[in-house]
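Here is a short briefing on one structure. Keep the sequence and the 3D view open while reading.

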2 protein chains.
Amino acid sequence: MSAADQPIYGRVALIGLGLIASSMFWGMKRAGLAGEVTGYARSQETRDTARKIGLCDQVFDSAQEAVKDADLVVLCVPVGVMGAVAKDIAPALKPGATVTDVGSVKRQVIDDVSPHLPTGVHFVPAHPLAGTEHSGPESGFAELFDNRWCLLITDAETDRTAADNLARFWRGLGSNVDEMEADHHDLVLAVTSHTPHLIAYTMVGVADDLRRVSESEVIKYSASGFRDFTRIAASDPTMWRDVFLNNKDATLEILGRFTEELFALQRAIRQGDGDHLHDYFTRTRAIRRGIIEAGQDTDAPDFGRGSAS
Amino acid sequence: MSAADQPIYGRVALIGLGLIASSMFWGMKRAGLAGEVTGYARSQETRDTARKIGLCDQVFDSAQEAVKDADLVVLCVPVGVMGAVAKDIAPALKPGATVTDVGSVKRQVIDDVSPHLPTGVHFVPAHPLAGTEHSGPESGFAELFDNRWCLLITDAETDRTAADNLARFWRGLGSNVDEMEADHHDLVLAVTSHTPHLIAYTMVGVADDLRRVSESEVIKYSASGFRDFTRIAASDPTMWRDVFLNNKDATLEILGRFTEELFALQRAIRQGDGDHLHDYFTRTRAIRRGIIEAGQDTDAPDFGRGSAS
């Protein structure tokens, strides 16, 4: 990581110690991005685990202690509690510090967090597009962000030095960095992540409800299609509840479009309109090719097989 | 493959030479399941490719020639043309031969194929639950069916010797084998495969339509959730058109349940009912665990990352 010959920040505080925070910690250590990393988690159990596995140089029993003297404070808590956490740490923030977050929704987080931050503290929201279906302090690994995108939310008010340093930091963690406006971010993510997750959750729930098909049948015969849905639907329930409650408008808009399209395909099936179906399915193939060409996935034929042996 | 110390069939004919047939061929060669394998594909281009890459011991220019003297005939064509192919080959079938297929829908295939088969020829429909998003004669590989399920469709009329030999054959290809009645198969697959595919196609289409989000944004930021959908939606359009047209009733039933559930979640989002969302998301996690325990997938955290480097 040539971008980080010296630490970008003297002290980084991670508030919340789940998958993202723990991956950031190991990534910072890999690349030498921070002089020291402090951490805080609300639950005693998580703090104990963090201390046991060496997650963070120091784990504190209060968020205020953790952020003291930090040059960068990263809020790694569910979107629904960002505001409360910001209010809690505000009095302890170092003047000139940068506060960022890793939430999947940005407009609501900005509305919730910004009012609490003192003048002279720079808020630069961020969203690393990376994750696994696992959660908790032991689920992190340094490579999580490698070659993934991290979106920084900026506008005309953004402190450029703070944003540029944060961009360097995320590149040091292995990410590609783009900047985007908050509302646009929320719409893009409603399409590429939030609505697909809701749909996957729904389909898995339907399977679970169907009395005539046993659970063991669903599980045994899930090789094709459904298995990818269960993987998505295994993600952290609290995180996803907060995503939908806090990106309500964009999610509902995309859901509306989705059901409209779905009804059109449903009608084509009912009416036996094979041309409509074939045309639709042909068109969607092209998008997949675009993703492979953009380097976000490989062409290896592992659909429905995963890493199963 | 101890199940196949000697070939189960003297001659096997593959009609249609796409992903499944080519994988069956390499799998038969791996395990020595057939004395000789003949093949036929409708397109000259596919036959030329098959001859070039050594797919099948002999490739014929007509289906009738290919099935002559075959002890097992495997129909590996889209579900919508199974009937026409059966009608074509019927006069050339060897007395006592077994005919099977690999279609994703079973009731309609039985209705389409059975009337054409002469007395003394045994029809045992099958459905290997395996695939990739690739298609064509060059996409096959011997390991495709390893540790996957193959469902044989049987009832009181089924010739037991024919069914038992076919089960041995599929085990020789690496599969686990279960038997099931046709209508139940179609319902189970509507849940585990057909409806999930339709939903994935729909979501990818919505993303493609949305003017305010550019295609390059969709492609770049598809790390989470959406990427799995595009993989599903890249599957063969003709095959999937035929699946939906031929498993109409079960697909429409499951789609109806899906939209009902989706509307309930949509309402919870609109009303800010976080408990409803959290409960739902928690319940779906359990199904994922069941799949991992059933050995159909691993617990490796690769969601949204695939084999990307």
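Which residues does B:Phe258 touch, not counting residues up to four places away in sequence? In this predicted model, B:Phe258 touches A:Ile199, A:Thr202, A:Met203, A:Val206, A:Phe258, A:Leu262 and B:Ile199. The points below take up that residue, then the pairing of the chains, a buried helix, a histidine and the cysteines.

**B:Phe258**
- B:Phe258 sits in helix α11 of chain B, which spans residues 248-271.
- B:Phe258 counts as buried because its relative accessibility is 0%.
- B:Ile232 is 26 residues from B:Phe258 in sequence. In space, the two C-alpha atoms are 18 Å apart.

**Symmetry of the two chains**
- A turn of 180°, with a shift of 0.0 Å along the axis, lays chain A on chain B. The RMSD of that fit is 0.0 Å.
- The two copies are therefore related as by a two-fold rotation axis.
- A:Asp228 is the residue of chain A that comes closest to the rotation axis. Its C-alpha lies at 3.2 Å.

**The interface**
- In chain A, 112 residues are in contact with 112 residues of chain B.
- The copies meet through the same surface, because 100% of the interface residues of chain A are also interface residues in chain B.
- About 11,000 Å² is buried between chain A and chain B. Carbon and sulfur atoms carry 66% of it.
- The rule finds 4 salt bridges across the interface of chain A and chain B.
- A:Arg283 and B:Asp208 form a salt bridge through their side chains, at 2.6 Å from N to O.
- Polar contacts across this interface join 22 residue pairs, with both residues at pLDDT 80 or more.
- Several elements of chain A give two or more residues to the side that touches chain B. Among them are strands β8 (149-153) and β9 (176-180). Helices α7 (182-209), α11 (248-271) and α12 (274-293) are also among them.
- Helix α7(A) gives the largest share of that side, 20 residues.

**Helix α9 of chain B**
- Is helix α9 of chain B enclosed or open, and why? It is largely enclosed by the rest of the structure, because 8 of its 8 residues (226-233) are buried.
- The charged members B:Arg227, B:Asp228 and B:Arg231 are among the buried residues of α9(B). So are B:Phe226, B:Phe229 and B:Ile232, also among the buried residues of α9(B).

**A:His185**
- A:His185 lies in helix α7 of chain A.
- A:His185 is buried, because its relative accessibility is 0%.
- The side chains of A:His185 and A:Asp186 are joined by a polar contact of 2.9 Å.
- Beyond its neighbours within four places in sequence, A:His185 is in contact with A:Ser104, A:Val105, A:Lys106, A:His127, A:Leu151, A:Ile153 and A:Met180.

**Cysteines**
- How many disulfides does a search of the whole structure find? The search finds 0 over all chains.
- Why is B:Cys76 not bonded to B:Cys56? The sulfur of B:Cys56 is the closest cysteine sulfur to that of B:Cys76, but at 9.3 Å it is too far for a bond.
- B:Cys150 is in no disulfide either. Its nearest cysteine sulfur, that of B:Cys76, is 11 Å away.
- B:Cys76 is buried, with a relative accessible area of 13%. B:Cys150 also counts as buried, at 0% relative accessibility.

Note on methods: Residues numbered from 1 in each chain as written. Chains lettered and ligands numbered in written order. Predicted model: local features only at pLDDT ≥ 70, side-chain atom pairs only at ≥ 80, totals over all residues. Heavy atoms only, no water. Buried < 20%, exposed > 50% of the residue type's maximum accessible area, 1.4 Å probe, protein only. Helix = DSSP H or I, 4+ residues; strand = E, 2+ residues; numbered from the N terminus. Disulfide = S-S within 2.5 Å. Least-squares fit on C-alpha atoms with pLDDT ≥ 70 in both. Contact = heavy atoms within 4.5 Å. Buried area = accessible area lost by both parts, 1.4 Å probe. Polar contact = N/O pair within 3.5 Å; in protein donor to acceptor, adjacent residues only side chain to side chain.
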